[in-house]
Amino acid sequence: MGPLTESFVFLLQQIQFADDMQEFTKFPTKTGRRSLSRSISQSSTDSYSSAASYTDSSDDEVSPRDKQQTNSKGSSNFCVKNIKQAEFGRREIEIAEQDMSALISLRKRAQGEKPLAGAKIVGCTHITAQTAVLIETLCALGAQCRWSACNIYSTQNEVAAALAEAGVAVFAWKGESEDDFWWCIDRCVNMDGWQANMILDDGGDLTHWVYKKYPNVFKKIRGIVEESVTGVHRLYQLSKAGKLCVPAMNVNDSVTKQKFDNLYCCRESILDGLKRTTDVMFGGKQVVVCGYGEVGKGCCAALKALGAIVYITEIDPICALQACMDGFRVVKLSEVIRQVDVVITCTGNKNVVTREHLDRMKNSCIVCNMGHSNTEIDVTSLRTPELTWERVRSQVDHVIWPDGKRVVLLAEGRLLNLSCSTVPTFVLSITATTQALALIELYNAPEGRYKQDVYLLPKKMDEYVASLHLPSFDAHLTELTDDQAKYLGLNKNGPFKPNYYRY
(Lines give C-alpha, C1' and ligand atoms only; values in the text may rest on other atoms or scores of the structure.)
Protein backbone atom coordinates (compact mmCIF):
# COMPACT_ATOMS: atom_id res chain seq x y z
CA MET A 1 0.00 0.00 0.00
CA GLY A 2 1.46 3.34 -1.07
CA PRO A 3 1.81 6.38 1.15
CA LEU A 4 -1.14 8.17 -0.51
CA THR A 5 -3.42 5.15 0.02
CA GLU A 6 -2.31 4.86 3.66
CA SER A 7 -3.10 8.52 4.19
CA PHE A 8 -6.53 8.04 2.64
CA VAL A 9 -7.28 5.07 4.90
CA PHE A 10 -6.16 7.09 7.91
CA LEU A 11 -8.47 9.91 6.85
CA LEU A 12 -11.41 7.51 6.58
CA GLN A 13 -10.62 6.22 10.07
CA GLN A 14 -10.66 9.79 11.35
CA ILE A 15 -14.02 10.43 9.69
CA GLN A 16 -15.36 7.22 11.26
CA PHE A 17 -14.03 8.40 14.63
CA ALA A 18 -15.84 11.72 14.16
CA ASP A 19 -19.06 9.84 13.37
CA ASP A 20 -18.64 7.81 16.56
CA MET A 21 -18.35 11.02 18.51
CA GLN A 22 -21.62 12.47 17.20
CA GLU A 23 -23.24 11.62 20.53
CA PHE A 24 -20.90 14.06 22.19
CA THR A 25 -22.24 16.96 20.12
CA LYS A 26 -25.86 16.23 20.94
CA PHE A 27 -27.52 17.61 24.04
CA PRO A 28 -25.79 15.87 26.97
CA THR A 29 -27.73 13.74 29.40
CA LYS A 30 -28.33 15.00 32.92
CA THR A 31 -25.43 12.91 34.24
CA GLY A 32 -23.20 14.11 31.42
CA ARG A 33 -24.08 17.70 32.14
CA ARG A 34 -22.99 17.39 35.74
CA SER A 35 -19.64 15.81 34.99
CA LEU A 36 -18.92 18.26 32.18
CA SER A 37 -19.79 21.16 34.44
CA ARG A 38 -17.51 19.86 37.19
CA SER A 39 -14.55 19.44 34.86
CA ILE A 40 -14.94 22.91 33.37
CA SER A 41 -15.31 24.47 36.79
CA GLN A 42 -12.18 22.77 38.06
CA SER A 43 -10.03 23.83 35.11
CA SER A 44 -11.33 27.38 35.16
CA THR A 45 -10.68 27.66 38.88
CA ASP A 46 -7.08 26.74 38.22
CA SER A 47 -6.41 28.97 35.26
CA TYR A 48 -9.08 31.62 34.80
CA SER A 49 -9.38 35.12 36.19
CA SER A 50 -12.35 37.25 35.15
CA ALA A 51 -10.85 40.67 35.78
CA ALA A 52 -7.23 40.14 36.73
CA SER A 53 -8.40 40.47 40.32
CA TYR A 54 -6.42 38.95 43.16
CA THR A 55 -8.62 36.72 45.34
CA ASP A 56 -7.79 34.90 48.54
CA SER A 57 -10.02 31.84 48.39
CA SER A 58 -9.73 31.31 52.16
CA ASP A 59 -11.91 34.41 52.65
CA ASP A 60 -14.69 33.37 50.28
CA GLU A 61 -16.85 31.76 52.96
CA VAL A 62 -16.90 34.77 55.27
CA SER A 63 -18.92 37.87 54.40
CA PRO A 64 -16.93 41.10 54.76
CA ARG A 65 -19.82 42.39 56.85
CA ASP A 66 -18.94 39.76 59.47
CA LYS A 67 -15.24 40.63 59.63
CA GLN A 68 -13.46 43.03 61.97
CA GLN A 69 -10.73 44.71 59.91
CA THR A 70 -8.55 47.75 60.50
CA ASN A 71 -6.02 49.47 58.28
CA SER A 72 -2.47 50.32 59.33
CA LYS A 73 -3.69 53.60 60.88
CA GLY A 74 -6.17 51.78 63.11
CA SER A 75 -9.28 52.87 61.19
CA SER A 76 -12.15 50.45 60.60
CA ASN A 77 -14.31 52.91 58.66
CA PHE A 78 -14.62 50.65 55.61
CA CYS A 79 -15.83 47.23 54.55
CA VAL A 80 -13.81 45.34 51.93
CA LYS A 81 -13.01 41.73 51.15
CA ASN A 82 -9.52 41.66 52.62
CA ILE A 83 -7.51 44.69 53.75
CA LYS A 84 -4.34 42.60 53.41
CA GLN A 85 -4.64 42.91 49.62
CA ALA A 86 -3.92 46.66 49.83
CA GLU A 87 -0.32 46.47 48.65
CA PHE A 88 -1.29 44.56 45.53
CA GLY A 89 -4.12 47.04 44.90
CA ARG A 90 -1.73 49.97 45.26
CA ARG A 91 0.39 48.57 42.43
CA GLU A 92 -2.74 48.28 40.27
CA ILE A 93 -3.56 51.94 40.94
CA GLU A 94 0.00 53.05 40.15
CA ILE A 95 -0.14 51.18 36.84
CA ALA A 96 -3.45 52.88 35.98
CA GLU A 97 -1.96 56.30 36.77
CA GLN A 98 0.60 55.79 34.00
CA ASP A 99 -2.15 55.87 31.35
CA MET A 100 -4.28 58.55 33.05
CA SER A 101 -1.84 61.40 32.62
CA ALA A 102 -4.57 63.98 31.97
CA LEU A 103 -6.30 63.29 35.27
CA ILE A 104 -2.96 63.33 37.09
CA SER A 105 -2.18 66.63 35.34
CA LEU A 106 -5.47 68.06 36.58
CA ARG A 107 -4.61 66.85 40.09
CA LYS A 108 -1.23 68.57 40.01
CA ARG A 109 -2.60 71.80 38.56
CA ALA A 110 -5.45 72.16 41.02
CA GLN A 111 -4.34 70.53 44.27
CA GLY A 112 -2.70 73.76 45.47
CA GLU A 113 -5.99 75.62 45.16
CA LYS A 114 -8.06 72.78 46.70
CA PRO A 115 -11.21 73.60 44.65
CA LEU A 116 -13.13 70.85 46.46
CA ALA A 117 -12.18 71.89 49.99
CA GLY A 118 -15.25 71.33 52.14
CA ALA A 119 -16.87 69.02 49.61
CA LYS A 120 -18.24 65.81 51.10
CA ILE A 121 -18.72 63.51 48.16
CA VAL A 122 -20.64 60.27 48.38
CA GLY A 123 -19.96 58.12 45.33
CA CYS A 124 -21.36 54.97 43.75
CA THR A 125 -19.35 53.80 40.73
CA HIS A 126 -17.44 50.76 39.56
CA ILE A 127 -14.50 50.35 41.92
CA THR A 128 -11.52 49.62 39.73
CA ALA A 129 -7.95 50.86 39.54
CA GLN A 130 -9.08 53.61 37.18
CA THR A 131 -11.88 54.92 39.40
CA ALA A 132 -9.47 54.74 42.35
CA VAL A 133 -7.30 57.30 40.53
CA LEU A 134 -10.39 59.52 40.26
CA ILE A 135 -11.29 59.09 43.94
CA GLU A 136 -7.76 59.90 45.08
CA THR A 137 -7.73 62.93 42.76
CA LEU A 138 -10.91 64.22 44.40
CA CYS A 139 -9.30 63.73 47.82
CA ALA A 140 -6.16 65.56 46.67
CA LEU A 141 -8.36 68.48 45.56
CA GLY A 142 -9.74 68.78 49.09
CA ALA A 143 -12.81 66.52 49.14
CA GLN A 144 -13.82 63.96 51.73
CA CYS A 145 -15.11 60.81 50.03
CA ARG A 146 -17.24 57.83 50.96
CA TRP A 147 -17.67 55.21 48.24
CA SER A 148 -19.69 52.13 47.26
CA ALA A 149 -19.91 50.03 44.10
CA CYS A 150 -22.59 50.44 41.43
CA ASN A 151 -22.24 46.84 40.25
CA ILE A 152 -22.03 43.73 42.44
CA TYR A 153 -19.51 42.04 40.13
CA SER A 154 -17.17 44.81 38.96
CA THR A 155 -15.25 45.65 42.14
CA GLN A 156 -11.55 44.81 42.16
CA ASN A 157 -11.11 43.65 45.75
CA GLU A 158 -7.45 44.59 45.94
CA VAL A 159 -8.19 48.12 44.75
CA ALA A 160 -10.95 48.56 47.33
CA ALA A 161 -8.44 47.40 49.96
CA ALA A 162 -5.86 49.93 48.76
CA LEU A 163 -8.40 52.74 49.00
CA ALA A 164 -9.36 51.65 52.51
CA GLU A 165 -5.69 51.55 53.51
CA ALA A 166 -5.29 55.10 52.17
CA GLY A 167 -8.13 56.30 54.41
CA VAL A 168 -11.07 56.33 51.99
CA ALA A 169 -14.31 55.04 53.52
CA VAL A 170 -15.08 52.40 50.91
CA PHE A 171 -17.79 49.75 51.23
CA ALA A 172 -17.58 47.26 48.37
CA TRP A 173 -16.42 43.82 47.34
CA LYS A 174 -16.78 41.59 44.28
CA GLY A 175 -19.79 39.27 44.48
CA GLU A 176 -22.04 41.27 46.79
CA SER A 177 -25.62 40.08 47.27
CA GLU A 178 -28.49 42.46 46.54
CA ASP A 179 -28.83 43.04 50.28
CA ASP A 180 -25.09 43.76 50.55
CA PHE A 181 -25.35 46.22 47.67
CA TRP A 182 -27.93 48.41 49.41
CA TRP A 183 -26.25 47.97 52.80
CA CYS A 184 -23.00 49.35 51.35
CA ILE A 185 -24.78 52.36 49.86
CA ASP A 186 -26.50 53.03 53.16
CA ARG A 187 -23.23 52.84 55.10
CA CYS A 188 -21.79 55.49 52.80
CA VAL A 189 -24.69 57.88 53.31
CA ASN A 190 -25.67 57.22 56.91
CA MET A 191 -22.80 58.24 59.18
CA ASP A 192 -23.07 60.26 62.39
CA GLY A 193 -21.33 63.62 62.15
CA TRP A 194 -20.86 63.45 58.38
CA GLN A 195 -23.36 64.63 55.78
CA ALA A 196 -22.78 64.48 52.05
CA ASN A 197 -23.14 67.67 50.00
CA MET A 198 -22.21 66.20 46.58
CA ILE A 199 -23.18 62.98 44.77
CA LEU A 200 -21.19 61.20 42.05
CA ASP A 201 -23.35 58.40 40.69
CA ASP A 202 -23.23 55.76 37.98
CA GLY A 203 -26.67 54.28 37.38
CA GLY A 204 -28.78 56.39 39.73
CA ASP A 205 -29.05 53.87 42.58
CA LEU A 206 -27.26 56.11 45.09
CA THR A 207 -29.32 59.16 44.09
CA HIS A 208 -32.51 57.11 44.36
CA TRP A 209 -31.52 55.80 47.80
CA VAL A 210 -30.73 59.25 49.20
CA TYR A 211 -33.90 60.71 47.66
CA LYS A 212 -36.13 57.97 49.14
CA LYS A 213 -34.44 57.22 52.48
CA TYR A 214 -32.78 60.51 53.41
CA PRO A 215 -34.91 63.36 51.97
CA ASN A 216 -33.42 65.92 54.35
CA VAL A 217 -29.91 65.04 53.15
CA PHE A 218 -31.06 65.14 49.52
CA LYS A 219 -32.39 68.69 49.89
CA LYS A 220 -28.98 69.89 51.10
CA ILE A 221 -27.00 68.33 48.24
CA ARG A 222 -25.28 71.04 46.18
CA GLY A 223 -24.98 68.99 43.02
CA ILE A 224 -25.27 65.55 41.42
CA VAL A 225 -22.98 64.23 38.69
CA GLU A 226 -24.35 61.22 36.77
CA GLU A 227 -22.53 59.31 34.03
CA SER A 228 -24.88 56.56 32.80
CA VAL A 229 -27.89 56.42 30.48
CA THR A 230 -29.94 54.72 33.20
CA GLY A 231 -29.06 57.28 35.87
CA VAL A 232 -29.62 60.25 33.58
CA HIS A 233 -33.04 58.87 32.61
CA ARG A 234 -33.95 58.72 36.31
CA LEU A 235 -32.80 62.32 36.84
CA TYR A 236 -34.92 63.59 33.95
CA GLN A 237 -37.91 61.72 35.39
CA LEU A 238 -37.41 63.46 38.74
CA SER A 239 -37.02 66.81 37.00
CA LYS A 240 -40.15 66.33 34.91
CA ALA A 241 -42.12 65.45 38.04
CA GLY A 242 -40.83 68.55 39.81
CA LYS A 243 -39.08 66.45 42.46
CA LEU A 244 -35.46 67.26 41.62
CA CYS A 245 -34.54 69.85 44.25
CA VAL A 246 -30.81 70.07 43.37
CA PRO A 247 -28.87 70.82 40.16
CA ALA A 248 -27.50 67.80 38.32
CA MET A 249 -24.87 67.40 35.61
CA ASN A 250 -25.53 64.89 32.83
CA VAL A 251 -22.03 63.63 32.09
CA ASN A 252 -23.27 60.71 29.99
CA ASP A 253 -24.32 62.98 27.14
CA SER A 254 -21.17 65.06 27.18
CA VAL A 255 -19.17 64.62 23.99
CA THR A 256 -16.13 63.29 25.86
CA LYS A 257 -18.24 60.54 27.47
CA GLN A 258 -20.47 59.60 24.53
CA LYS A 259 -17.84 59.60 21.82
CA PHE A 260 -14.97 58.09 23.77
CA ASP A 261 -16.08 55.99 26.74
CA ASN A 262 -19.27 54.70 25.12
CA LEU A 263 -17.86 54.19 21.61
CA TYR A 264 -14.14 53.48 21.81
CA CYS A 265 -14.13 51.78 25.19
CA CYS A 266 -16.87 49.35 24.18
CA ARG A 267 -15.24 48.72 20.81
CA GLU A 268 -12.27 47.21 22.62
CA SER A 269 -13.81 45.77 25.78
CA ILE A 270 -16.70 43.82 24.23
CA LEU A 271 -14.30 41.32 22.69
CA ASP A 272 -12.20 41.13 25.85
CA GLY A 273 -15.23 40.23 27.96
CA LEU A 274 -16.54 37.64 25.50
CA LYS A 275 -13.15 36.02 24.90
CA ARG A 276 -12.29 35.71 28.59
CA THR A 277 -15.60 34.12 29.47
CA THR A 278 -16.33 31.89 26.48
CA ASP A 279 -13.17 31.53 24.33
CA VAL A 280 -15.47 31.91 21.33
CA MET A 281 -14.14 32.48 17.83
CA PHE A 282 -16.11 35.20 16.05
CA GLY A 283 -15.25 34.55 12.41
CA GLY A 284 -18.51 33.51 10.72
CA LYS A 285 -20.58 33.70 13.91
CA GLN A 286 -24.00 35.33 13.65
CA VAL A 287 -24.41 38.07 16.25
CA VAL A 288 -27.37 40.32 16.97
CA VAL A 289 -26.67 43.62 18.73
CA CYS A 290 -29.73 45.27 20.26
CA GLY A 291 -29.27 49.03 20.01
CA TYR A 292 -27.10 51.10 17.66
CA GLY A 293 -26.23 54.02 19.89
CA GLU A 294 -22.59 54.78 20.68
CA VAL A 295 -22.16 51.55 22.69
CA GLY A 296 -23.79 49.49 19.95
CA LYS A 297 -21.67 51.16 17.29
CA GLY A 298 -18.50 50.30 19.18
CA CYS A 299 -19.54 46.67 19.68
CA CYS A 300 -20.55 46.21 16.04
CA ALA A 301 -17.31 47.69 14.70
CA ALA A 302 -15.26 45.22 16.74
CA LEU A 303 -17.39 42.20 15.86
CA LYS A 304 -17.42 43.06 12.15
CA ALA A 305 -13.63 43.42 12.13
CA LEU A 306 -13.29 39.82 13.35
CA GLY A 307 -15.52 38.47 10.60
CA ALA A 308 -18.79 38.10 12.49
CA ILE A 309 -22.11 38.44 10.65
CA VAL A 310 -23.81 41.23 12.58
CA TYR A 311 -27.52 42.09 12.77
CA ILE A 312 -28.93 45.19 14.48
CA THR A 313 -32.24 45.83 16.23
CA GLU A 314 -33.32 49.45 16.65
CA ILE A 315 -36.37 51.55 17.56
CA ASP A 316 -34.89 54.82 16.26
CA PRO A 317 -35.07 55.29 12.45
CA ILE A 318 -32.00 57.55 12.48
CA CYS A 319 -29.82 54.99 14.28
CA ALA A 320 -31.32 52.26 12.08
CA LEU A 321 -30.37 54.20 8.94
CA GLN A 322 -26.84 54.66 10.29
CA ALA A 323 -26.61 50.90 10.81
CA CYS A 324 -27.76 50.27 7.25
CA MET A 325 -25.21 52.73 5.86
CA ASP A 326 -22.50 51.03 7.92
CA GLY A 327 -23.31 47.74 6.22
CA PHE A 328 -25.44 46.03 8.86
CA ARG A 329 -28.85 44.47 8.38
CA VAL A 330 -31.55 45.91 10.66
CA VAL A 331 -34.02 43.28 11.84
CA LYS A 332 -36.50 42.49 14.57
CA LEU A 333 -35.04 40.22 17.25
CA SER A 334 -37.81 37.66 16.67
CA GLU A 335 -36.73 37.30 13.03
CA VAL A 336 -33.21 36.04 13.80
CA ILE A 337 -33.41 34.69 17.34
CA ARG A 338 -33.42 31.02 16.24
CA GLN A 339 -30.25 31.31 14.16
CA VAL A 340 -27.88 33.68 15.98
CA ASP A 341 -24.92 32.49 18.04
CA VAL A 342 -24.59 35.59 20.25
CA VAL A 343 -27.10 38.14 21.57
CA ILE A 344 -25.77 41.44 22.95
CA THR A 345 -28.00 44.12 24.50
CA CYS A 346 -26.99 47.78 24.76
CA THR A 347 -30.20 49.81 24.80
CA GLY A 348 -30.63 51.08 28.37
CA ASN A 349 -34.17 49.68 28.23
CA LYS A 350 -35.84 46.78 30.03
CA ASN A 351 -37.04 43.36 28.81
CA VAL A 352 -35.26 43.67 25.48
CA VAL A 353 -34.61 39.92 25.59
CA THR A 354 -37.65 38.16 27.03
CA ARG A 355 -38.29 34.59 28.13
CA GLU A 356 -39.99 33.96 24.79
CA HIS A 357 -36.76 34.94 23.01
CA LEU A 358 -34.69 32.79 25.36
CA ASP A 359 -36.94 29.78 24.78
CA ARG A 360 -36.43 30.07 21.02
CA MET A 361 -32.63 30.42 21.07
CA LYS A 362 -30.41 27.71 19.63
CA ASN A 363 -28.29 25.46 21.80
CA SER A 364 -25.16 27.19 23.22
CA CYS A 365 -26.31 30.70 22.26
CA ILE A 366 -24.35 33.29 24.26
CA VAL A 367 -26.40 36.06 25.88
CA CYS A 368 -24.89 39.16 27.45
CA ASN A 369 -25.51 42.82 28.23
CA MET A 370 -23.36 45.89 27.56
CA GLY A 371 -25.78 48.38 29.11
CA HIS A 372 -25.41 49.64 32.67
CA SER A 373 -28.51 48.05 34.15
CA ASN A 374 -29.34 44.35 34.46
CA THR A 375 -32.91 44.93 33.26
CA GLU A 376 -32.29 44.42 29.54
CA ILE A 377 -32.34 40.61 29.74
CA ASP A 378 -35.26 39.08 31.62
CA VAL A 379 -33.06 36.95 33.87
CA THR A 380 -35.77 36.62 36.54
CA SER A 381 -37.88 34.57 34.14
CA LEU A 382 -35.08 31.98 33.98
CA ARG A 383 -35.20 31.25 37.71
CA THR A 384 -37.93 28.63 37.46
CA PRO A 385 -38.01 24.98 38.61
CA GLU A 386 -37.92 23.48 35.12
CA LEU A 387 -34.61 25.18 34.25
CA THR A 388 -31.23 24.14 35.67
CA TRP A 389 -28.47 26.66 36.36
CA GLU A 390 -24.85 25.52 36.27
CA ARG A 391 -21.96 27.85 37.07
CA VAL A 392 -19.15 26.69 34.77
CA ARG A 393 -16.62 29.44 35.44
CA SER A 394 -16.53 32.89 36.97
CA GLN A 395 -19.48 34.97 35.67
CA VAL A 396 -20.56 32.21 33.24
CA ASP A 397 -23.79 30.27 33.80
CA HIS A 398 -25.30 27.60 31.63
CA VAL A 399 -29.09 27.74 31.83
CA ILE A 400 -30.36 24.32 30.77
CA TRP A 401 -33.83 23.55 29.41
CA PRO A 402 -35.60 20.19 30.01
CA ASP A 403 -34.67 18.96 26.51
CA GLY A 404 -30.97 19.59 27.22
CA LYS A 405 -30.65 22.89 25.35
CA ARG A 406 -28.37 25.30 27.14
CA VAL A 407 -28.02 29.07 26.90
CA VAL A 408 -24.75 30.64 28.02
CA LEU A 409 -25.58 33.63 30.23
CA LEU A 410 -22.75 36.02 31.13
CA ALA A 411 -22.57 38.01 34.39
CA GLU A 412 -26.23 37.18 35.10
CA GLY A 413 -27.20 39.87 32.61
CA ARG A 414 -25.14 42.62 34.21
CA LEU A 415 -22.60 44.86 32.47
CA LEU A 416 -20.29 42.47 30.60
CA ASN A 417 -17.05 44.38 30.21
CA LEU A 418 -16.61 45.54 33.81
CA SER A 419 -18.03 42.32 35.29
CA CYS A 420 -16.02 39.87 33.19
CA SER A 421 -12.91 41.70 32.04
CA THR A 422 -11.33 45.12 32.26
CA VAL A 423 -11.68 48.28 30.21
CA PRO A 424 -9.00 50.48 28.59
CA THR A 425 -7.46 52.79 31.17
CA PHE A 426 -6.87 55.69 28.81
CA VAL A 427 -10.49 56.09 27.80
CA LEU A 428 -11.58 55.98 31.42
CA SER A 429 -9.19 58.84 32.08
CA ILE A 430 -11.33 60.92 29.73
CA THR A 431 -14.54 60.10 31.60
CA ALA A 432 -12.92 60.49 35.04
CA THR A 433 -11.51 63.92 34.14
CA THR A 434 -14.97 64.95 32.92
CA GLN A 435 -16.52 63.79 36.21
CA ALA A 436 -13.94 65.65 38.29
CA LEU A 437 -14.47 68.90 36.37
CA ALA A 438 -18.25 68.55 36.64
CA LEU A 439 -17.97 68.17 40.42
CA ILE A 440 -15.68 71.21 40.64
CA GLU A 441 -18.07 73.24 38.46
CA LEU A 442 -21.21 72.41 40.47
CA TYR A 443 -19.50 72.79 43.84
CA ASN A 444 -17.98 76.19 43.05
CA ALA A 445 -20.76 77.66 40.88
CA PRO A 446 -22.19 80.92 42.25
CA GLU A 447 -25.72 80.76 43.55
CA GLY A 448 -28.24 80.99 40.74
CA ARG A 449 -26.03 79.70 37.91
CA TYR A 450 -27.62 76.27 38.08
CA LYS A 451 -31.27 75.78 39.01
CA GLN A 452 -33.01 72.58 40.10
CA ASP A 453 -32.65 70.86 36.75
CA VAL A 454 -30.41 68.58 34.67
CA TYR A 455 -27.59 70.26 32.72
CA LEU A 456 -25.12 69.19 30.07
CA LEU A 457 -21.43 69.78 30.61
CA PRO A 458 -20.42 73.20 29.20
CA LYS A 459 -18.88 72.87 25.74
CA LYS A 460 -15.72 74.67 26.85
CA MET A 461 -15.19 72.05 29.54
CA ASP A 462 -15.62 69.21 27.05
CA GLU A 463 -12.95 70.76 24.85
CA TYR A 464 -10.64 71.24 27.84
CA VAL A 465 -10.91 67.55 28.74
CA ALA A 466 -10.03 66.59 25.16
CA SER A 467 -7.08 68.99 25.07
CA LEU A 468 -5.61 67.47 28.23
CA HIS A 469 -5.41 64.09 26.50
CA LEU A 470 -3.87 65.21 23.21
CA PRO A 471 -0.24 65.26 24.48
CA SER A 472 -0.45 61.48 24.93
CA PHE A 473 -0.53 61.24 21.12
CA ASP A 474 1.96 64.05 20.53
CA ALA A 475 -0.91 65.81 18.74
CA HIS A 476 -0.56 69.47 17.80
CA LEU A 477 -3.64 71.64 17.30
CA THR A 478 -3.77 74.22 14.54
CA GLU A 479 -4.46 77.73 15.85
CA LEU A 480 -6.87 80.10 14.15
CA THR A 481 -5.55 83.44 12.95
CA ASP A 482 -7.42 86.53 14.12
CA ASP A 483 -8.86 86.93 10.64
CA GLN A 484 -10.03 83.29 10.53
CA ALA A 485 -11.61 83.52 13.97
CA LYS A 486 -13.45 86.68 12.94
CA TYR A 487 -14.64 85.04 9.72
CA LEU A 488 -16.08 82.07 11.64
CA GLY A 489 -17.39 84.21 14.48
CA LEU A 490 -15.38 82.24 17.07
CA ASN A 491 -13.16 82.98 20.02
CA LYS A 492 -9.65 81.81 19.18
CA ASN A 493 -9.61 79.76 22.38
CA GLY A 494 -13.00 78.13 21.87
CA PRO A 495 -15.57 76.84 22.21
CA PHE A 496 -15.25 75.82 18.59
CA LYS A 497 -18.66 74.26 18.01
CA PRO A 498 -22.18 75.36 18.98
CA ASN A 499 -24.12 73.26 21.48
CA TYR A 500 -26.33 71.84 18.75
CA TYR A 501 -23.36 70.45 16.79
CA ARG A 502 -23.41 66.66 16.30
CA TYR A 503 -19.89 65.25 16.46
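These entries record what I looked up in a predicted model, beginning with one strand and its neighbours and ending with a separate sheet.

**Entry 1: strand β1.** I began with β1, residues 120–125, and asked how many of its residues are buried. The count is 5 of 6, so I noted the strand as mostly covered, taking buried to mean under 20% relative accessible area.

**Entry 2: partners of β1.** I next looked up the pairing of β1. Strand β2, residues 144–149, runs parallel to β1 and is joined to it by 6 bridges. Strand β4, residues 198–201, also runs parallel to β1, with 4 bridges between them. I then followed G123 to both partners: it stands opposite W147 in β2, and its bridge partner in β4 is L200.

**Entry 3: the connection from β1 to β2.** I checked the handedness of the unit that contains helix α6, residues 129–140. Together, β1, α6 and β2 form a β-α-β unit, and this unit is right-handed.

**Entry 4: α5 against α6.** I asked at what angle helix α5, residues 101–110, packs on α6. The angle is about 10°, and the axes lie 9 Å apart. I recorded α5 as roughly parallel to α6 because angles under 35 degrees count as such. On the α5 side the contact is made by L103, I104 and R107; on the α6 side, by V133, L134, E136, T137 and A140. Sorted by class, this contact has 5 nonpolar, 1 polar and 2 charged residues.

**Entry 5: α4 against α6.** I repeated the search for helix α4, residues 86–98. Its axis and that of α6 come within 8 Å and cross at roughly 80°. This crossing falls between 65 and 115 degrees, so α4 is entered as roughly perpendicular to α6. From α4, the residues R90, E92, I93, A96 and E97 meet A129, Q130, A132, V133 and E136 of α6. By class I noted 5 nonpolar, 1 polar and 4 charged residues for this contact. V133 and E136 of α6 appear in the contact with α5 and again in the contact with α4.

**Entry 6: the sheet of 8 strands.** I turned to the open sheet and wrote down its order, β9-β8-β7-β10-β11-β14-β13-β12; the pairing is mixed. Which strands form the edges? They are β9 (329–330) and β12 (388–393), each of which pairs on one side only.

**Entry 7: β13 and β14.** Within that order I examined β13, residues 396–400, and β14, residues 406–410. These strands run antiparallel and are joined by 5 bridges. I closed with V396, which stands opposite L410 in β14.

Terms used:
Residues are numbered from 1 along each chain as its sequence is written. This is a predicted model: local features need pLDDT of at least 70, side-chain atom pairs count only at pLDDT 80 or more; totals for chains, interfaces and linings use all residues. Side-chain values use heavy atoms; hydrogens and water are left out. Buried means under 20% relative accessible area, exposed over 50%, partly exposed in between (1.4 Å probe, protein chains only). Helices (H or I, at least four residues) and strands (E, at least two) are DSSP runs, numbered from the N terminus. Two strands pair if DSSP finds at least two bridges between them. A crossover is right-handed if, with the strands pointing away from the viewer, the path from the first strand over the helix to the second runs clockwise. Axes are lines fitted to C-alpha atoms, for helices over the stretch in contact, and angles run from 0 to 180 degrees between N-to-C directions. Angles under 35 degrees count as roughly parallel, over 145 as roughly antiparallel, 65 to 115 as roughly perpendicular and the rest as oblique. Contact means heavy atoms within 4.5 Å. Ala, Val, Leu, Ile, Met, Phe, Trp, Tyr, Cys and Pro count as nonpolar, Asp, Glu, Lys and Arg as charged, and the others, Gly among them, as polar.
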